[in-house]
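Reader: I'm new to this one. Can you put it up and walk me through it?
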Amino acid sequence: MIIKKGSIFVYHVFDIGWEINLSKAEELLLTKQKASSRFKFSKDPRKAIIIKEAPLEINIGKELIKINEIDYETNLHAKIWDYGAISISVEIILKENITLLDLHKIALYLEETDTLEKLARKIKDEVKSLIFDSIKLPQEWNQFEDYIIYYIEKIDGISEPQEILQKFDVASLILGENINVLSQSASLPVIERFIQYYKNDMAVIDWDSAILIEPTGSRDICDAIEFSLTHLLELRYYDYLIDKKLDILYDALEKESKKINRILKFNYSKISEEASKTYIEFSDLLSKIENSFKTVGDPYVATVFRTCAEQFRFDDWYSSIARKMDTLFQITQIINSELNAIRSHILEIIIILLIAIEVIPLFK
């Protein structure tokens with residue numbers, strides 16, 4: 001099997017702030033003479049996607065990279081997402097007439113090297129500096145998401161895409177393992193989930209990488225996976241932030257609980273305000289994530305997005321965040337109850353003092 005035309009897309013997604021004002025970012029890029037455009041899916045009958053706030057897309061340019069002592073041309077792009085993320089894509093243009101074994105060797109190299117991560121970070125830093133004034137609460141998380149797509153437009157040696165699953169160890173390619181090392185029980189869960197729309201296309205999607213056969217040259221499937229990847233990073237980030245906020249609240253409550261007299265716990269008001277503010281902020285951002293990307297019906301791209309949601313375990317992340325949000329809400333309620341009790345005690349003391357002031361003169 002010979003690949004006549006294809007690419008490898010390597011994605012890195014970073015969180016750079018709480019939110020990004022895309023209109024302002026677009027203006028900043030324009031003033032700094034950096035061309036950008038709003039992303040759109042192609043007019044393809046297989047798509048069923050509605051984007052509420054389309055990201056800004058920037059064509060960074062081209063660059064040569066060396067893989068296994070061979071120079072490959074790359075196309076570099078960046079997308080800016082309104083929920084505070086930047087995704088960097090590096091498209092490695094494959095040489096004509098390479099074999100699937102050659103592709104596997106490239107895959108093993110990409111699994112081991114951090115060259116593309118460094119390149120992605122460099123581009124991210126450059127883009128961030130250009131749009132810095134459009135970022136609300138600019139701050140970076142030290143974690144990121146990466147993903148690899150093996151994208152094949154033309155391949156000789158097969159009559160139907162499914163044949164590649166029978167003639168080549170696709171699971172080892174996707175999982176970054178050596179050929180013929182994986183057991184059947186490890187390989188089957190990967191390759192049995194392939195999806196198709198037309199007879200001549202196919203997608204095998206796993207949690208870390210995917211292989212696509214796309215004779216039309218459409219990049220919609222790649223874009224849907226990239227979109228899903230930004231969602232995964234944001235869900236992980238929000239889960240981390242809520243953990244951090246809860247730890248701060250627990251520490252503050254523990255500190256207050258050590259005070260001898262409950263009436264002295266004046267910081268409860270501040271803690272309650274912080275808990276309520278955190279709950280509202282996270283509710284708003286989660287709503288923005290959930291509503292940013294909608295699928296309609298069950299065409300190919302929508303199916304790919306749902307497959308990504310399963311592979312990236314969106315439901316588990318949402319459940320984890322929901323539990324912690326519920327805990328945050330309960331803490332807010334408990335603090336408010338405690339705060340009301342403290343205020344009642346203070347009011348009782350004031351009333352007693354006022355009565356005493358009125359009664360004491362009568363005993364003179």
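Reader: Start with cysteines. How many disulfides does a search of the whole structure find?
Author: Zero, with a disulfide being a pair of cysteine sulfur atoms within 2.5 Å. This is a predicted model, where local features need pLDDT of at least 70, side-chain atom pairs count only at pLDDT 80 or more, and totals for chains, interfaces and linings use all residues. Residues are numbered from 1 along each chain as its sequence is written, and side-chain values use heavy atoms, leaving out hydrogens and water.

Reader: Is Cys-308 buried or exposed?
Author: Buried, because its relative accessibility is 0%. Buried means under 20% relative accessible area, exposed over 50%, and partly exposed in between, using a 1.4 Å probe and protein chains only. Cys-222 is buried too, at 1%.

Reader: What about helix 9? How many of its residues are buried?
Author: Nine of its 12, so helix 9 is mostly covered (helices are DSSP runs of H or I, at least four residues, and strands are runs of E, at least two, numbered from the N terminus). Among the buried ones are Tyr-300, Phe-305 and Cys-308.

Reader: How far does helix 9 reach?
Author: Helix 9 covers residues 300–311 and reaches 16 Å from first C-alpha to last. That is close to the expected 16 Å, taken as 1.5 Å times one less than the number of residues. Just after helix 9, Arg-313 has a positive phi of about 60 degrees.

Reader: New topic. How many salt bridges are there?
Author: The count is 19, each a side-chain nitrogen of Lys or Arg within 4 Å of a carboxyl oxygen of Asp or Glu. One of them joins Lys-136 and Glu-19, with the closest N and O atoms 3.5 Å apart.

Reader: Why does that pair tie together separate parts?
Author: Lys-136 lies in strand 9 and Glu-19 in strand 2, so the pair connects parts 117 residues apart in sequence. Lys-136 is partly exposed at 44%, whereas Glu-19 is buried at 16%.

Reader: Got another?
Author: Arg-193 and Asp-206 meet at 2.9 Å, N to O. They are 13 residues apart, Arg-193 in the loop between helix 6 and strand 11, Asp-206 in the loop between strand 11 and strand 12. Asp-206 is buried at 5%, while Arg-193 is partly exposed at 29%.

Reader: Which residues are linked in a network of salt bridges?
Author: Lys-5, Glu-91, Glu-153 and Arg-219.
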